[in-house]
Amino acid sequence: RGIVRYADRRVPLDEAVDGCVVDVSGRPHFEFEGGFSQEAIGEFTSDMARHFAYSLSMHAGLTLHVEVERGVNAHHEVEALFKALTRALDDATRIDERRGDDTPSTKGEL
């Protein structure tokens with residue numbers, strides 16, 4: 001109750017820029033655009049970052065759109081993606097003092 005609900009963040013990290021748009025809706029949906037410049041960062045496969053965001057979306061009931069906009073270093077691309085995701089979630093779950101105890105939904109619940 002009383003949360004902002006929506007947020008949109010883009011985060012740069014050196015040459016990489018990634019973005020995330022989130023709706024704390026209770027309705028899981030996931031979209032991913034772009035791709036990583038390398039398949040792996042050491043033993044970590046880059047696609048695991050996409051899989052983590054997908055799993056979070058499905059299990060937390062989030063509508064989540066993430067985009068790897070540009071980069072040439074998969075480490076920077078993945079780090080920017082996680083930073084954009086966490087910043088967007090932080091923004092969306094902040095209490096909006098103007099809402100009081102209202103739920104930001106026409107259905108009355110999220």
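Biologist: What makes β3 and strand β6 (residues 63-70) partners in your book?

Modeller: Six bridges join β3 to β6, and the two run parallel. Two strands pair if DSSP finds at least two bridges between them, so with six bridges β3 and β6 count as paired. One of those links puts Phe 32 opposite Val 66, its bridge partner in β6. Before we go on, this is a predicted model, so local features need pLDDT of at least 70 and side-chain atom pairs count only at pLDDT 80 or more, while totals for chains, interfaces and linings use all residues. Residues are numbered from 1 along each chain as its sequence is written, and side-chain values use heavy atoms, with hydrogens and water left out.

Biologist: And what makes the strands and helices what they are?

Modeller: They're DSSP runs, numbered from the N terminus: H or I over at least four residues for helices, E over at least two for strands.

Biologist: Why is the pairing in the open sheet called mixed?

Modeller: The order is β1-β2-β6-β3, four strands in an open sheet with mixed pairing. β3 and β6 run parallel, whereas β1 and β2 run antiparallel, joined by eight bridges. In that antiparallel pair, Ala 7 has Val 22 of β2 as its bridge partner.

Biologist: Why do β1 (6-13) and β3 (29-34) stand at the edges?

Modeller: Each of β1 and β3 has a single partner strand, so one side of each is left without a neighbour in the sheet. As for twist, the average is 10 degrees from one strand to the next.

Biologist: Where do the helices lie?

Modeller: Helix α1 (residues 47-60) lies across β3 and β6, at about 160 degrees to β3. Helix α2 (residues 74-92) lies across β1, β2 (16-23), β3 and β6, and runs at about 150 degrees to β1. Those angles are taken between N-to-C directions on a scale from 0 to 180 degrees, with axes fitted as lines to C-alpha atoms, for helices over the stretch in contact (heavy atoms within 4.5 Å).

Biologist: How do you know that Asp 23 and Arg 5 form a salt bridge?

Modeller: The rule asks for a side-chain nitrogen of Lys or Arg within 4 Å of a carboxyl oxygen of Asp or Glu. Asp 23 and Arg 5 come in at 2.6 Å, N to O, so the pair qualifies. Asp 23 sits in strand β2 and Arg 5 in the segment before β1, 18 residues apart. By this rule the count is seven salt bridges.

Biologist: What makes Asp 23 and Arg 5 buried?

Modeller: Buried means under 20% relative accessible area, exposed means over 50%, and partly exposed is in between (1.4 Å probe, protein chains only). Asp 23 has 10%, so Asp 23 is buried. Arg 5 has 6%, so Arg 5 is buried too.

Biologist: What does Arg 9 form with Asp 91?

Modeller: A salt bridge, with the closest N and O atoms 2.6 Å apart. Arg 9 lies in strand β1 and Asp 91 in helix α2, so this pair ties together parts that are 82 residues apart in sequence. Asp 91 is buried at 18%, while Arg 9, at 27%, is partly exposed. Asp 91 also meets Arg 94 in a salt bridge at 3.7 Å, N to O. A network of salt bridges links Arg 9, Asp 90, Asp 91 and Arg 94.

Biologist: Which residues touch the most other members of the largest nonpolar core?

Modeller: Cys 20, Val 22 and Leu 64, out of 15 residues in that core. The label goes to a set of buried Ala, Val, Leu, Ile, Met, Phe, Trp, Tyr and Cys residues joined through side-chain atoms within 4.5 Å. β1, β2, β6 and α2 each give two or more residues, and α2 has the largest share, with four. A second, separate core has five residues, including Val 68 and Leu 81.

Biologist: What makes the phi of Asp 14 worth flagging?

Modeller: Most residues other than glycine have a negative phi. Asp 14 has a positive phi near 55 degrees, in the hairpin of β1 and β2, which has two residues between the strands. At 63%, Asp 14 is exposed. Arg 5 also has a positive phi, about 85 degrees, although Arg 5 is not a glycine.
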